[in-house]
Amino acid sequence: MKPSKSFLLDTTDSYDEFFEDSCLIGLVTSVKSYKFCLQVNKLLNFDFRLNTDIEILLNKKNRNYYFPVYQSNVKHSFTKHYLYSNRNDGEVLLPEFKHIDFIWLIKGQVGVHEEFGHMLSLVKSIQDVQLATEIDYTYLDHKEHLIF
């Protein structure tokens, strides 16, 4: 049975709701996720920690792939940072960005554009980061893979 058009609209609305007041950064780096989190924690005074409650599970080719998600909450704020590993055992979470190693989702009050730009330039200054660029979620073909 084919889903009704209203069902498809409801799904799109839930994606928009999930990504409301958020931004995404795509990162290319040669380091493992735990080491990258340590570098960001030290440089930006964050507290990224693995959150196993929201790891992403994808079933492809009759096999389960788990994509870890690290989380850091901003003190005295509703802002939360999530760092998704985009790779696991040869599979990628977002196939349209297979060259990206991590997806950084910032939910909540992202702040003025200058603050975000300053944070992005600090992340780019990390020795092992080859690329850090903002991603518009509306261009994601598999945005549902980021929703927990």
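**Exercise 1. The second largest pocket**

Identify the residues that line the second largest pocket of this predicted model, and state how they divide by character.

*Solution.* Step 1: The lining is formed by Thr29, Val31, Lys32, Ser33, Tyr34, Ser85, Arg87, Asp101 and Phe102.

Step 2: By character, this lining comprises three nonpolar, three polar and three charged residues. The charged residues count as Asp, Glu, Lys or Arg, and those in the lining are Lys32, Arg87 and Asp101.

Step 3: The volume of the second largest pocket is about 160 Å³.

**Exercise 2. A charged pair in the pocket lining**

Determine what joins the side chains of Asp101 and Arg87, and where in the chain the two residues lie.

*Solution.* Step 1: Side chains of opposite charge can pair when their charged atoms come close.

Step 2: Asp101 and Arg87 form a salt bridge, with 2.8 Å from N to O. Arg87 belongs to strand β7 (residues 87-88) and Asp101 to the loop between β8 and β9 (102-107), so the bridge ties together parts that are 14 residues apart in sequence.

Step 3: The two partners are then placed by accessibility. Asp101 has a relative accessible area of 15% and is therefore buried, because buried means under 20%. Arg87, at 38%, counts as partly exposed.

Step 4: Both Arg87 and Asp101 are among the residues that line the second largest pocket.

**Exercise 3. A network of salt bridges**

State how many salt bridges the structure holds, and trace those in which Glu91 takes part.

*Solution.* Step 1: The structure holds five salt bridges.

Step 2: One of them pairs the side chain of Glu91 with that of Lys60, at 3.3 Å from N to O. Glu91 is in strand β8 (residues 91-92) and Lys60 in strand β3 (residues 56-60), so this bridge links distant parts of the chain, 31 residues apart.

Step 3: Glu91 also forms a salt bridge with Lys61, whose closest N and O atoms are 3.1 Å apart. This pair, too, links distant parts of the chain: Lys61 is in the loop between β3 and β4 (63-67), 30 residues from Glu91 in strand β8.

Step 4: Accessibility sets Glu91 and Lys61 apart. Glu91 counts as buried because its relative accessibility is 11%, whereas Lys61, at 70%, counts as exposed.

Step 5: The result is one network of Lys60, Lys61 and Glu91, joined by salt bridges that share partners.

**Exercise 4. Two buried residues outside helices and strands**

Locate Ile126 and His145 in the chain, and name their contacts beyond four places in sequence.

*Solution.* Step 1: Ile126 sits in the loop between α3 (113-124) and β10 (129-135). Its relative accessibility is 8%, so Ile126 counts as buried.

Step 2: Beyond its neighbours within four places in sequence, Ile126 is in contact with Phe36, Gln39, Val40 and Leu43. The C-alpha atoms of Ile126 and Thr29 are separated by 9.4 Å, although these residues are 97 residues apart along the chain.

Step 3: His145 lies in the segment after β10 and, at 12% relative accessibility, counts as buried. With neighbours within four places left aside, its contacts are Ile56, Leu58, Leu93 and Leu94.

**Exercise 5. Positive phi angles**

Describe the phi angle and the setting of Asp21 and of Asn45.

*Solution.* Step 1: Most residues other than glycine have a negative phi.

Step 2: Asp21 is not a glycine, yet it has a positive phi of about 55 degrees. Its place is in the loop between α1 (5-19) and β1 (22-29), and it counts as exposed because its relative accessibility is 56%.

Step 3: Asn45, also not a glycine, has a positive phi of about 60 degrees. It belongs to the loop between α2 (33-44) and β2 (49-50) and is exposed, with a relative accessible area of 70%.

**Exercise 6. The protein as a whole**

Summarise the secondary structure, burial and contacts of the protein.

*Solution.* Step 1: The protein has three helices and ten strands, in the order α-β-α-β-β-β-β-β-β-β-β-α-β along the sequence.

Step 2: Of its 148 residues, 43% are buried. The protein exposes about 9300 Å², and carbon and sulfur atoms supply 51% of that area.

Step 3: Among contacts with a separation of 6 or more, 62% are between residues 24 or more positions apart.

Methods. Residues numbered from 1 in each chain as written. Predicted model: local features only at pLDDT ≥ 70, side-chain atom pairs only at ≥ 80, totals over all residues. Heavy atoms only, no water. 1 Å grid on protein atoms, 1.4 Å probe; cavity = no way out; pocket = protein on both sides within 12 Å on 5 of 7 lines; lining within 4 Å. Points joined across faces, edges and corners; volume = space filled by probe spheres on them. Helix = DSSP H or I, 4+ residues; strand = E, 2+ residues; numbered from the N terminus. Buried < 20%, exposed > 50% of the residue type's maximum accessible area, 1.4 Å probe, protein only. Contact = heavy atoms within 4.5 Å. Areas by Shrake-Rupley, 256 points an atom, 1.4 Å probe, with all protein chains shown as cover. Salt bridge = Lys/Arg side-chain N within 4 Å of Asp/Glu carboxyl O.
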